[in-house]
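Subject: Structure handover

Hello,

Here is the structure you are taking over. My notes on it follow below the entry.

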Amino acid sequence: MSVASSMPMGWGMPWQSFADRLDDEARAREQIQRLAPAALMRHKAKEVIDTEVLAKTRELMAKDEMEDGFSFLHLHEAIFGKLPDWKPQLIGSCVASGDKETTSARMLAEVFLFQQAESLPGGFTSTTDNASFFAPFSYRAGRKLAGINGSGDGSLCLPHIRGKMQFGHLPCDTAGLASDDFPEPQNQTTYRQWGASDRFLNEFAAAAGKYKLLESEKVRTPDEMWTLTVEHYKPANICSMWAFKRGPKHPTWKLRDGSPVYIWVRDTRQEWAHNMSRMGCVRIGNQRFSIVKNTWGPFHDGRSWFVIDDQTDEAWLRQAECQTVGDIDMKDNSSVWPSFK
């Protein structure tokens, strides 16, 4: 059985064509552009203050023979002592499931690398004291703005981004918040109840409104991905119909456990209506590679992430919706951008 046939998707709705999904994304982008154009602009890169954390991150990358660039997975390891161990996605919530990881990664950069006057929402990955916000809240915010209601699964990238700007992010330790697990319920019915209507969105709006996404930029090329990842420390969400399979083994690249690294390529026999997380850009010799993390679990050579080269990425980005996760206001309830209507 293939990965795609055994795991949930979730970009758009099942009956939508690829063109329909892109049309909906374009309309959502136009709405953000009209209401808050600065939210989609590139902002000045922030200065790294804690050079020791950055150096530790690069030491860990070097153990995995990554010679240059930046990896949010290794930043997480530098801070927490291990790679993130988020539980696999269970329903078609990939837009929110992947975004919880990119959002957490960006917060690590803000709090540790930039030493901003902020605090993480927590220090773990499976309790109410969680380093991620509660994903179903953002899932519903995006579905609301996309006009998606009911118990069916799925969401869209730009409505999800706008939802984080308009409604914010919900900390897992919020009073009155009930779930069998955090930052995502492991009960599928509970997750779908969150996505079905505005009931919980309205109930927790005040708590979530203190933590709003302030900026997100469209990524169009591998060069932009490198700049935004390595210089601006911004992970990204990417939604597309592309499926991937293991390609050739890199001739020299091995991870610290001795396992070889395979370069993944497009699988033209399948489609994944799916969102994944862009978690790093690295250089091996004279070649650049991007780290792509999947929320399905360890299906990629025993890992939840795989790597692609620039040539594959250039083609993928032309047929995908890719948005960075930029600055997140974690200090107060004031918003830099105008209120959305």
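Pro88, Gln89, Leu90, Ile91, Ser93, Ser97, Glu184, Pro185, Gln186, Asn187, Gln188 and Tyr191 line the largest cavity. Please keep in mind that the model is predicted. The space inside this largest cavity comes to about 70 Å³. Sorted by class, its lining has five nonpolar, six polar and one charged residues. In total the structure holds six cavities of 30 Å³ or more.

Pocket

The largest pocket has a volume of about 200 Å³. Its lining is made up of 16 residues, and those nearest the centre are Pro84, Asp85, Trp86, Lys293 and Ser304. By class, the lining of this pocket splits into seven nonpolar, four polar and five charged residues.

Overall fold

The protein has twelve helices and six strands. Its radius of gyration is 19 Å, close to the 20 Å given by the globule rule for 341 residues, so the protein is as compact as a globular protein of that length. Along the principal axes, the C-alpha atoms fill a box of roughly 55 × 45 × 40 Å. Of the 341 residues, 59% count as buried. Taking contacts between residues at least 6 apart in sequence, 75% join residues at least 24 apart.

Helix α7 and what surrounds it

Helix α7 covers residues 157-166, and ten of its ten residues are buried. Among them are Cys157, His160, Arg162, Lys164 and Gln166. What do the buried residues of α7 pack against? The partners are the helices α2 (18-35), α5 and α6 (135-146), together with the strands β2 (236-254) and β6 (320-324).

One residue to look at in α5 is Thr103, as this helix spans residues 94-113. Thr103 counts as buried because its relative accessibility is 3%, under the 20% cut-off. Leaving aside residues up to four places away in sequence, Thr103 touches Phe133, Lys164, His169, Val325 and Ile328. Of these, Lys164 is also one of the buried residues of α7.

Cysteines

How many disulfides does the model have? The count comes to zero. Cys172 is in no disulfide, and the nearest cysteine sulfur, that of Cys94, is 19 Å away. Cys172 is buried, at 2% relative accessibility.

Why is Cys322 not bonded to Cys157? The sulfur of Cys322 has its closest cysteine sulfur in Cys157, at 7.5 Å, which is too far for a bond, because a disulfide requires the two sulfur atoms to be within 2.5 Å. Cys322 is buried as well, with a relative accessible area of 0%. Its closest partner, Cys157, is among the buried residues of α7.

Backbone points to check

A few backbone angles deserve a note.

- Gly168, just after α7, takes a positive phi of about 90°.
- The peptide bond from Phe182 to Pro183 is cis, and its omega is near 5°. Pro183 is in the loop between α7 and α8 (188-196).
- Glu65 is not a glycine, yet its phi is positive, at about 60°. Glu65 sits in the loop between α3 (51-63) and β1 (68-71).
- Tyr233 is another residue other than glycine with a positive phi, near 55°. Tyr233 belongs to the loop between α11 (222-231) and β2.

Are Glu65 and Tyr233 buried or partly exposed? Glu65 counts as partly exposed, at 34% relative accessibility, because that class lies between 20% and 50%. Tyr233 is buried, with a relative accessible area of 5%.

Regards

How values were computed: Residues numbered from 1 in each chain as written. Predicted model: local features only at pLDDT ≥ 70, side-chain atom pairs only at ≥ 80, totals over all residues. Heavy atoms only, no water. 1 Å grid on protein atoms, 1.4 Å probe; cavity = no way out; pocket = protein on both sides within 12 Å on 5 of 7 lines; lining within 4 Å. Points joined across faces, edges and corners; volume = space filled by probe spheres on them. Nonpolar A, V, L, I, M, F, W, Y, C, P; charged D, E, K, R; others polar. Buried < 20%, exposed > 50% of the residue type's maximum accessible area, 1.4 Å probe, protein only. Helix = DSSP H or I, 4+ residues; strand = E, 2+ residues; numbered from the N terminus. Rg over C-alpha atoms; globule rule 2.2 N^0.38 Å. Contact = heavy atoms within 4.5 Å.
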